[in-house]
Amino acid sequence: MTDYAYALGLDQYRTYLDKDFGRMLELTRSAQNDGALSSRVPSCPGWDIEELVRHTALLYLQKAEVVRTGVKPTGRWIPEDVLALDPAAQLELGYSRLTGEFDSHQPSDPAESWMPDDQTVSFWIRRLTHETAIHRYDLETAVDDVHPIDRELAIDGIDEVLTVMFQRGRSARGSEPNPEGITGSVVLESGGQRWFVGLLPHDIEVATEAGDEPDAVVSGDPSEVLLWLWGRGALPADMVQQPAAAELRRRVAATT
């Protein structure tokens, strides 16, 4: 596995993944039983519960295929009977297939990803743990019963947004740069960790040491900072939305 700065052990990721999936499945079944699948998801404007759950289920199915074959599936690869399942059944099937593939492969086995130096199964264990945590939170916003992202997972999640999700943006756009925005620097402080983010004209640069005085500082509880980065919440309490911080958030949104 690539040596991520704040990576947890693979067993820890799997524990968090199981926990957050279980919560999603519980809430999905409840919404189906109550006829509430059309309830809106405040943290995902334009989506209802059913759309959020089916998105997550299909993501699980797709990444199960990536782990099984080593490459991203193409064409009409999902059987019609799977698409016809109700949301809870589709979510449960997708998760079963995903974790079945995780269990039958070594973490170092090849699996296509957008990170040039990490084309492994372990990449997807980490990535889908974070994806599930965020979508668990999304689903909870729809039923007005939200819980924070677990502290150690949120710390790792902040690092993943800055070092993995921005790489996804670079891979997706190829040689075309992002539109130029505000430049400067932002320091993120959370959970005893610090990230120094340079806003370059068409990219970002994450460093382990500060350069000049930053143009903005964002600090707070790890869950609050992570949810802010993902556009799921406001800045942590007492934080003023400085232009450089707003620009970082804009670039995260454009990348993810």
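User: How many salt bridges does the count come to?

Analyst: This is a predicted model. A pair counts when a side-chain nitrogen of Lys or Arg is within 4 Å of a carboxyl oxygen of Asp or Glu. By this rule the count comes to 19 salt bridges.

User: Which residue forms a salt bridge with Asp 150?

Analyst: Asp 150 lies in the loop between H5 and H6, and its partner sits in helix H1 (residues 10-34), so the pair ties together parts that are 131 residues apart in sequence. Asp 150 counts as partly exposed, at 22% relative accessibility. The partner is also partly exposed, at 47%. The closest N and O atoms are 3.3 Å apart, and the partner is Lys 19.

User: Where do Glu 247 and Arg 250 lie?

Analyst: Glu 247 and Arg 250 form a salt bridge, with the closest N and O atoms 2.8 Å apart. Glu 247 is buried, with a relative accessible area of 5%, whereas Arg 250 is partly exposed at 36%. The two are three residues apart, about one turn of the helix, and both lie in helix H8.

User: Which residues are linked with Asp 20 in a network of salt bridges?

Analyst: The network holds both acidic and basic side chains. Linked with Asp 20 are Arg 23, Glu 26, Arg 136, Glu 140 and Asp 145.

User: Lys 63 has no salt bridge; how far away is the nearest side chain of opposite charge?

Analyst: Lys 63 lies in helix H2 and is buried. Beyond four places in sequence, Lys 63 touches Leu 98, Trp 124 and Leu 128. A salt bridge needs N and O within 4 Å. The nearest side chain of opposite charge, Glu 112, is 8.5 Å away.

User: Which helix supplies the largest share of the lining of the largest pocket?

Analyst: The largest pocket has a volume of about 560 Å³. Its lining has 25 residues, with Trp 114, Arg 127, Glu 131, Met 165 and Arg 168 nearest the centre. H2 (49-69), H5 (121-142), H6 (151-173) and H8 (243-255) each supply at least two lining residues. The largest share, six residues, comes from H5.

User: How many residues of that lining are charged?

Analyst: The lining of the largest pocket mixes residue classes. There are 11 nonpolar and six polar residues. The charged residues number eight.

User: What is the volume of the second largest pocket, and which elements give two or more residues to its lining?

Analyst: The second largest pocket has a volume of about 190 Å³. Of its 14 lining residues, Ser 185, Phe 196, Val 197, Gly 198 and Gly 211 are closest to the centre. The elements giving two or more residues are strands S1 (184-190), S2 (193-199) and S3 (204-207).

User: Is Thr 141 buried or exposed?

Analyst: Thr 141 is found in helix H5. Beyond four places in sequence, Thr 141 is in contact with Val 41, Pro 42, Ser 43 and Val 146. Buried means under 20% relative accessible area. At 15%, Thr 141 therefore counts as buried.

User: Asp 144 is not a glycine; what is its phi?

Analyst: Asp 144 lies in the loop between H5 and H6. Asp 144 is exposed, with a relative accessible area of 71%. Its phi is positive, at about 55°.

User: Which residues are in contact with Ser 219, leaving aside neighbours within four places in sequence?

Analyst: The place of Ser 219 is in strand S4 (residues 216-219). Ser 219 is partly exposed, with a relative accessible area of 22%. Its contacts are Glu 189, Val 225, Pro 236 and Met 239.

Methods:
Residues are numbered from 1 along each chain as its sequence is written. This is a predicted model: local features need pLDDT of at least 70, side-chain atom pairs count only at pLDDT 80 or more; totals for chains, interfaces and linings use all residues. Side-chain values use heavy atoms; hydrogens and water are left out. On a 1 Å grid over the protein atoms alone, a cavity is a set of points where a 1.4 Å probe fits but cannot get out, and a pocket is an open set with protein on both sides within 12 Å along at least five of seven lines; lining residues have an atom within 4 Å of a point. Grid points are joined across faces, edges and corners, and a volume is the space filled by probe spheres set on the points. Helices (H or I, at least four residues) and strands (E, at least two) are DSSP runs, numbered from the N terminus. Ala, Val, Leu, Ile, Met, Phe, Trp, Tyr, Cys and Pro count as nonpolar, Asp, Glu, Lys and Arg as charged, and the others, Gly among them, as polar. Buried means under 20% relative accessible area, exposed over 50%, partly exposed in between (1.4 Å probe, protein chains only). Lys and Arg count as positive and Asp and Glu as negative; His and the chain ends are not counted. Contact means heavy atoms within 4.5 Å.
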